[in-house]
Amino acid sequence: MRDSRPQLLDVLFDDALTTEKGPLHNVQQRALALLKLNRAVRGLLPAQLHPWCRVANFRQGVLVLETANASWMMRLRYEQPSLLSALRAQILPSLSSIDIRINPALMAKGSSQVQDVVKTTENAQSTAPLRHLSQESADELRGLAARSPEKLRKILERLASLAGERANATSRDK
């Protein structure tokens, strides 16, 4: 039977240091196994589901997944058969089913992860090198414009006029 009486933290930590059979060791091993399983599940799911889904538990052949809301739950249900067969083949042959539950706390965590990704992509775009049209290229464009029909000539001349400017976007109002 399980020992459920209260114990001092000193006793728990001392047991964990001296033996690998202590209660904290069991908890640590279980947590590590669930983290590995979570990484495997995330590797099998589409990237859009990653912030909104996680492994909650694995008990008696049933994998429990948590998701942020009913919308993500439906998307995860579409992936459930392929996820079940892939997990059975690769990692958990004893897996009998997948249970999907809604955990609203994931909504806040997932939205913060999505915002972080958006911020990093915006930072990457702001640090991207700016476009530059050299004077030689502008001269070639003007020469090509002289031999082109009028509509194309105007476009090429407008493009050539950007030589020497550094800009991320061109003005289409001209």
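E150 is partly exposed, at a relative accessible area of 49%. Its salt-bridge partner K154 is also partly exposed, at 48%. The model is predicted. It holds six helices and five strands in one chain. The chain has 174 residues, and 26% of them are buried.

**Salt bridge in helix α6**

- The side chains of E150 and K154 form a salt bridge, at 3.6 Å from N to O.
- Both residues sit in helix α6, which spans residues 150–160.
- E150 and K154 are four residues apart, about one turn of the helix.
- With relative accessible areas of 49% for E150 and 48% for K154, each end of this bridge counts as partly exposed.

**Other salt bridges**

- The whole structure contains five salt bridges, by a search of the model.
- Side chains of opposite charge can pair when their charged atoms come close.
- R54 and E66 make one of the bridges, with N and O 2.9 Å apart.
- R54 belongs to strand β1 and E66 to strand β2 (residues 62–67), so this bridge ties together parts twelve residues apart in sequence.
- R54 is partly exposed, because its relative accessibility is 29% and the partly exposed range runs from 20% to 50%.
- E66 is buried, because its relative accessible area of 18% falls under 20%.
- D99 and R101 form another bridge, and their closest N and O atoms are 2.9 Å apart.
- D99 is partly exposed, with 27% relative accessibility.
- R101 is partly exposed too, with a relative accessible area of 43%.

**Aromatic pair and the charge over it**

- The count of aromatic pairs is one.
- W52 and W72 make up that pair, and their rings are stacked.
- The ring centres lie 5.3 Å apart, with 10° between the planes.
- W52 lies in the loop between α2 (23–44) and β1 (53–59), while W72 is in helix α3 (residues 70–90).
- The two tryptophans are 20 residues apart, and the pair links distant parts of the chain.
- W52 is buried, because its relative accessible area of 8% is under 20%.
- W72 is buried as well, with a relative accessible area of 13%.
- R75 lies over the face of W72, at 4.6 Å from the ring centre.

**Chain layout and surface**

- From the N terminus, the elements run α-α-β-β-α-β-α-β-α-α-β.
- Strand β1, home of R54, spans residues 53–59.
- Of the contacts between residues at least 6 apart in sequence, 59% join residues at least 24 apart.
- The exposed area of the chain is about 12600 Å².
- Carbon and sulfur atoms supply 55% of that area.

**Confidence**

- The average pLDDT of the chain is 81.
- A pLDDT of at least 70 is reached by 74% of the residues.
- Residues 167–174 have a pLDDT below 50.
- Beyond near neighbours in sequence, residues 167–174 have nine contacts in the model.
- Where pLDDT is low, the predicted coordinates should not be read in detail.

Note on methods:
Residues are numbered from 1 along each chain as its sequence is written. This is a predicted model: local features need pLDDT of at least 70, side-chain atom pairs count only at pLDDT 80 or more; totals for chains, interfaces and linings use all residues. Side-chain values use heavy atoms; hydrogens and water are left out. Buried means under 20% relative accessible area, exposed over 50%, partly exposed in between (1.4 Å probe, protein chains only). Contact means heavy atoms within 4.5 Å. Accessible areas come from the Shrake-Rupley method with a 1.4 Å probe; for residues, only the protein chains shown count as cover. Rings of Phe, Tyr and Trp (its six-membered ring) pair if their centres lie within 6.5 Å; planes under 30 degrees apart count as stacked, over 60 as edge-to-face and the rest as tilted. A charge sits over a ring if NZ of Lys or CZ of Arg is within 6 Å of the ring centre and within 35 degrees of the ring normal. A salt bridge is a side-chain nitrogen of Lys or Arg within 4 Å of a carboxyl oxygen of Asp or Glu. pLDDT is the predictor's confidence in each residue, from 0 to 100.
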